[in-house]
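Here is a note for a colleague who is meeting this structure for the first time. The points below go from charged pairs to helices, the core and the loop residues.

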Amino acid sequence: MMEKLVAMIVEQLGVNAADVKPESRLKEDLQADSASIMMLVMDVENEFGIEVEDDAIEKVKTVSDMVSYIEAKM
């Protein structure tokens, strides 16, 4: 799951895969803005067949937070 998510982040944010680590913060470290986070959330929903609640988007700060959230929803 982590590999798939990293690939999605690299594609959506245009960052280097080596820069996407579990502890990487989406906004601060990977320079994601609100629009790119929303696009990433839509990709995650489509890819993993889950629904991401709006309040969860604010709580997910790091790549590992996102993995944990996806795993909990599946």
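1. A salt bridge is counted here when a side-chain nitrogen of Lys or Arg comes within 4 Å of a carboxyl oxygen of Asp or Glu. In this predicted model, the side chains of Asp29 and Arg25 satisfy that criterion, with N and O 3.0 Å apart. Asp29 is partly exposed, its relative accessible area being 39%, and Arg25 is likewise classed as partly exposed, at 37% relative accessibility.

2. How many salt bridges does the structure hold? There are four, and one of them joins the side chains of Glu47 and Lys4, at 3.2 Å from N to O. This pair links distant parts of the chain, since Glu47 belongs to helix H2 and Lys4 to helix H1, with their positions 43 residues apart in the numbering. Glu47 has a relative accessible area of 40% and is partly exposed, while Lys4, with 43%, is partly exposed too.

3. A salt bridge is also formed by Lys59 and Asp55, whose closest N and O atoms are 3.8 Å apart. Because these two residues stand four places apart in helix H3, about one helical turn separates Lys59 from Asp55. Lys59 counts as exposed, at 59% relative accessibility, whereas Asp55, at 47%, counts as partly exposed. As background to these pairs, side chains of opposite charge can pair when their charged atoms come close.

4. Helix H2 deserves a careful look, beginning with its length. Its 15 residues, at 1.5 Å a residue, should span 21 Å, and the C-alpha atoms at its ends are 21 Å apart, so the expected and computed values agree. Just after H2, Gly49 adopts a positive phi of about 65 degrees.

5. Which residues of H2 are buried? They are Ser36, Ile37, Leu40, Val41, Val44 and Phe48. Viewed down the axis of H2, these buried residues fall within an arc of 140 degrees, and therefore they line one face of the helix. The face turned away from that buried side carries the exposed residues Ala35 and Asn46. As for partners, the buried residues of H2 pack against H1, helix H3 (54–59) and helix H4 (63–73).

6. Ser36 merits a separate remark as a member of helix H2. With 12% relative accessibility, Ser36 counts as buried, and, once residues up to four places away in sequence are set aside, Ser36 touches Gln12 and Leu13.

7. In helix H4, the buried residues are Val63, Met66, Val67, Tyr69 and Ile70. Seen down the axis of H4, they lie within an arc of 165 degrees, so they line one face of that helix. These buried residues of H4 pack against H1, H2 and H3.

8. The largest nonpolar core has 25 residues, and those touching the most other members are Leu5, Ile9, Leu26, Leu30, Val44 and Met66. H1, H2, H3 and H4 are the elements that give two or more residues to this core. In general terms, nonpolar side chains in soluble globular proteins tend to be buried together. Leu30 illustrates the contacts involved: leaving aside neighbours within four places in sequence, Leu30 is in contact with Ile9, Leu13, Val15, Asp19, Val20, Ser24, Arg25 and Val63.

9. Is Ser24 buried or exposed? Ser24 has a relative accessibility of 6%, and so it counts as buried, the cut-off being under 20%. Ser24 is placed in the loop between helix H1 (2–13) and helix H2 (34–48). A polar atom of the Ser24 side chain lies 2.8 Å from the backbone nitrogen of Lys21. Beyond residues up to four places away in sequence, Ser24 touches Asp19, Asp29, Leu30, Lys61, Thr62 and Val63.

10. A last point concerns Gln31, which lies in the loop between H1 and H2. Its phi is near 60 degrees, a positive value in a residue other than glycine. For context, most residues other than glycine have a negative phi. Gln31 is exposed, with a relative accessible area of 61%.

Definitions and conventions
Residues are numbered from 1 along each chain as its sequence is written. This is a predicted model: local features need pLDDT of at least 70, side-chain atom pairs count only at pLDDT 80 or more; totals for chains, interfaces and linings use all residues. Side-chain values use heavy atoms; hydrogens and water are left out. Buried means under 20% relative accessible area, exposed over 50%, partly exposed in between (1.4 Å probe, protein chains only). A polar contact is a pair of N or O atoms within 3.5 Å; within protein, one must be able to donate a hydrogen and the other to accept it, and residues adjacent in sequence count only if both atoms are side-chain atoms. Contact means heavy atoms within 4.5 Å. The expected span of a helix is 1.5 Å times one less than its number of residues. The arc is that of the directions from the helix axis to the C-beta atoms. A nonpolar core is a set of buried Ala, Val, Leu, Ile, Met, Phe, Trp, Tyr and Cys residues joined through side-chain atoms within 4.5 Å.
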